[in-house]
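Open your viewer and keep the selection tool ready. We will make a few stops.

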Amino acid sequence: MGEDRSGAGPEGSLRALKPPPDRLYGRGRGHKLRPRQEHLLDVTLPRLAFAPEQAANPLAAFSPQPRALWLEVGSGGGEHALAQVTAHPDVGLIACEVFDNGICSLLSRLVPEGGEATAKLPGNLRLWTDDARTLLRLLPEGCLDRLFLLFPDPWPKARHAKRRFVHPALLPLLARLLRPGAEWRIASDDPTYQAWVTEVMGAQALFDARAPTAPRPDDWPPTRYEAKALREGRTPRYWTFLRR
Ligand SMILES: C[S@@+](CC[C@H](N)C(=O)[O-])C[C@H]1O[C@@H](n2cnc3c(N)ncnc32)[C@H](O)[C@@H]1O
């Protein structure tokens, strides 16, 4: 018999769910980095990095100071984050990503070869390259106007359900950070994760759900994982939850 991929269901899987592990599963680094990638991490990343000391007053980390703060968990190659900071110059966005190749991909879109130390960078973008949950624990109450979780690692096996970012134990922290009325956008192409979001978010009272949509809403830039899902014939779902 195959591994149980459900992890969700009316028979009470949430009650048996273990707390989220503190360590982060998945890869921090893929194939060996090329010299240009090493240079981007050494020279360009520090120019954009969001430091833990800035968490107490996050808007002050941007220049000029934005009117609102958005945060993306698992920004991957940065397509969505870059589209958002371009479309919303008055908003500050913190893109959180631990995977070096993804961070380099975002940085390489921002600076031409040779411009690593000098090219102008968006004043409304900052990068957090550690576990996003560490930053979330440092940020002050009600500081977030929008949170993005786009195509998170699905961890489809039931025994790995505790590793999923959408986890009942993390919801109070997210609710503390999102001001009332703020949006939490989630997308997933994985049927197990789709059922999981429906189950976990259906069992909480901190967020109101808007009806999930497919296709993607217009003001929601595409990502690399979405493109892969569509190429491979999967149907992503897009949710918006509003902090009560
Ligand atoms: C499946 S990829 C999706 C990337 C991107 N959102 C997209 O749609 O193309 C999920 C990403 O989340 C990152 N990730 C997972 N957990 C994270 C965490 N706790 N903090 C920061 N990044 C995380 C992974 O490194 C990975 O790059």
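Which atom of the ligand lies 2.8 Å from a backbone N or O atom of Gly74? Select Gly74 and the ligand: the partner is a nitrogen atom of the ligand. That is a polar contact, a pair of N or O atoms within 3.5 Å.

A word on the model. It is predicted, so local features need pLDDT of at least 70 and side-chain atom pairs need 80 or more, while totals for chains, interfaces and linings use all residues. Residues are numbered from 1 along each chain as its sequence is written, and side-chain values use heavy atoms, without hydrogens and water.

Next, select Asp131. An N or O atom in its side chain is 2.9 Å from a nitrogen atom of the ligand. Move to Leu150. Here a backbone N or O atom lies 2.8 Å from a ligand nitrogen. The protein covers 90% of the 600 Å² of accessible area that the ligand has on its own (Shrake-Rupley method, 1.4 Å probe).

Now show the shell around the ligand. It has 15 residues, and Gly74, Glu97, Ala132, Leu150 and Thr223 come nearest. Near means a heavy atom within 4 Å. The shell divides into eight nonpolar, three polar and four charged residues.

Last stop: the cysteines. How many disulfides are there (cysteine sulfur pairs within 2.5 Å)? The count is zero. Select Cys104: its sulfur is 17 Å from the closest cysteine sulfur, in Cys96, so it is too far for a bond. Cys104 is buried (under 20% relative accessible area, 1.4 Å probe, protein chains only), at 1%. For Cys143, the closest cysteine sulfur is also in Cys96, 11 Å away, too far for a bond. Cys143 is buried too, at 14%.

Notes. A disulfide is a pair of cysteine sulfur atoms within 2.5 Å. Buried means under 20% relative accessible area, exposed over 50%, partly exposed in between (1.4 Å probe, protein chains only). A polar contact is a pair of N or O atoms within 3.5 Å; within protein, one must be able to donate a hydrogen and the other to accept it, and residues adjacent in sequence count only if both atoms are side-chain atoms. Ala, Val, Leu, Ile, Met, Phe, Trp, Tyr, Cys and Pro count as nonpolar, Asp, Glu, Lys and Arg as charged, and the others, Gly among them, as polar.
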